[in-house]
Amino acid sequence: MPSSVSNRTPPAELVAGPAVPGVAKIDPILIADKVSRHFGGLMAVEVDHLEIPRGAITALIGPNGAGKTTFFNLLTGFDKPNTGTWNFGGKNLARMPAFRVSRLGMVRTFQLTKALGRLTVLENMLLGAKEQGGENLFVALIRPFWRKREDAITERAMSLLAKFKLDTKSEDYAASLSGGQRKLLEMARALMSEPQMVMLDEPMAGVNPALTQSLLHHILDLKAEGMTVLFVEHDMHMVNEIADWVIVMAEGRIVAEGPPGVVMNDPAVIDAYLGAHHDTDLGTLTGQMEIAEGMESALVRGEIEHEIEVDLAAEHPTPDAGMTEAKVDGK
Ligand SMILES: Nc1ncnc2c1ncn2[C@@H]1O[C@H](COP(=O)(O)OP(=O)(O)OP(=O)(O)O)[C@@H](O)[C@H]1O
Ligand SMILES: [Mg+2]
């Protein structure tokens, strides 16, 4: 891991009171209340109250199985809670399907990347665009406008690809990219919709060390461009490097939050981790999961294809389109 990231800005004052779990933020972009999700008898998520500060980089950490991905799935509409409400920029998002959540400006990436291997890198990017002119009949009828819009989308895609150093691969199939490049593609695709908040589930997992520095800078850039970032990560060095605020989850609950330097020394946090990693200390945890080759084949591709179908169905409503929902991640 890199030892320092030079363009880090000092964290602004984010909270009004003492850094206890659920502490109110001065300018929250996301506020969640009583969000729970159980799988049979297992309470995977049980978050009483949580606020995410706007314009900052927040890390969500915790041992394997703590409920981090499930919580992401709930917030972004890829899964449904048993209880709870949350609002994003003042809008109630609870039970809203994923495609609508992303249109409102909250996008996420997945622990296992969801780049579509059989599409080219550029085609993957175009799928991330907010609206595709050709899908709207009225816009499609005004062809010059449609062409202009499509050109603008392609231009945006190419400039994002250039930023992520994937522009020379725009015509390659996504399947030919390395694990790290697919992570970058997924992040670039998320940015196509010009989001306000980007949620990254283990952006470093499976990424070659040669790419980690550039990934760190990309995440810092998101903040510099005014976006809010919430990321899940097991790599404590990365958390220390870029997070302004750290939230700790264990057994579905928020057990601690605070600035990185404080949280890493919090006994509740050390306990939460020691429960899962008996012989490691926080400073040496890396936890980087290898992405097994082939895991993103049939199942994951099926899921994202389903999501696209749902998106298209929303653009062309049929009598039962309202019944369709984005499929739950990981099922
Ligand atoms: N679809 C599901 N069906 C049943 N149990 C599930 C499902 N998804 C998650 N779980 C369980 O819920 C708990 C929380 O899982 P989750 O994937 O959210 O953890 P996590 O914090 O993201 O872990 P990791 O760091 O390993 O990615 C785990 O015990 C997991 O086995
Ligand atoms: Mg996870």
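Five bridges join strand 9, which covers residues 245-250, to strand 10, and the two strands run antiparallel. Within this pair, Ile247 stands opposite Glu257 of strand 10, and a reader who finds these two residues in the model, which is a predicted one, has a good place from which to begin.

The pair belongs to a wider arrangement, for six strands form an open sheet in the order 6-7-8-3-9-10, and the pairing in this sheet is mixed. Which strands lie at the edges of the sheet? They are strand 6, residues 106-108, and strand 10, residues 253-258, each of which pairs on one side only. On going from one strand to the next, the twist averages 20 degrees.

Helix 7, made of residues 209-224, packs on this sheet, where it touches strand 3 (57-61), strand 7 (197-201) and strand 8 (228-232). The direction of helix 7 makes about 150 degrees with that of strand 8. With its 16 residues, helix 7 reaches 23 Å from its first C-alpha to its last, which is close to the 22 Å expected at 1.5 Å a residue.

Which residues of helix 7 are buried? They are Thr212, Leu215, Leu216, Ile219 and Leu222, and because they cover an arc of only 120 degrees around the axis, they lie on the same side of helix 7. The buried residues of helix 7 pack against strand 3, strand 7 and strand 8, and also against helix 8, residues 236-242. On the other side of helix 7, by contrast, Ala210 and Ala224 are exposed. Helix 7 is followed by Gly226, whose phi is positive and lies near 100 degrees.

Positive phi values also occur elsewhere in the model, in residues that are not glycine. As a general background, most residues other than glycine have a negative phi. Arg95 nevertheless has a positive phi, near 70 degrees, and its place is in the loop between strand 5 (91-92) and helix 2 (98-103). Is Arg95 buried or exposed? Arg95 has 12 other C-beta atoms within 10 Å, and since a residue with 12 or fewer such neighbours counts as exposed, Arg95 is exposed. Lys165, which is not a glycine either, has a positive phi of about 55 degrees, and it lies in the loop between helix 5 (143-163) and helix 6 (179-191). Because Lys165 has 13 C-beta neighbours inside 10 Å, it counts as partly exposed.

The next part to look at is ligand 1, which is surrounded by 14 residues. The closest of these residues are Phe39, Ala44, Asn64, Thr69 and Thr70. Strand 2, residues 42-53, and helix 1, residues 68-75, each supply at least two residues of the shell around ligand 1, and the largest share of that shell, three residues, comes from helix 1.

Finally, the reader can step back to the protein chain as a whole, which holds 11 helices and 10 strands. Of the 331 residues of the chain, 40% count as buried. Among the contacts in the chain between residues at least 6 apart in sequence, 70% join residues that are at least 24 apart.

Note on methods
Residues numbered from 1 in each chain as written. Chains lettered and ligands numbered in written order. Predicted model: local features only at pLDDT ≥ 70, side-chain atom pairs only at ≥ 80, totals over all residues. Pairing = 2+ DSSP bridges. Helix = DSSP H or I, 4+ residues; strand = E, 2+ residues; numbered from the N terminus. Axes fitted to C-alpha atoms, helices over the stretch in contact; angles between N-to-C directions. Contact = placed C-beta atoms within 7 Å. Expected span 1.5 Å × (residues − 1). Buried ≥ 20, exposed ≤ 12 C-beta atoms within 10 Å, placed from the backbone. Arc of directions from axis to C-beta. Near = placed C-beta within 6 Å.
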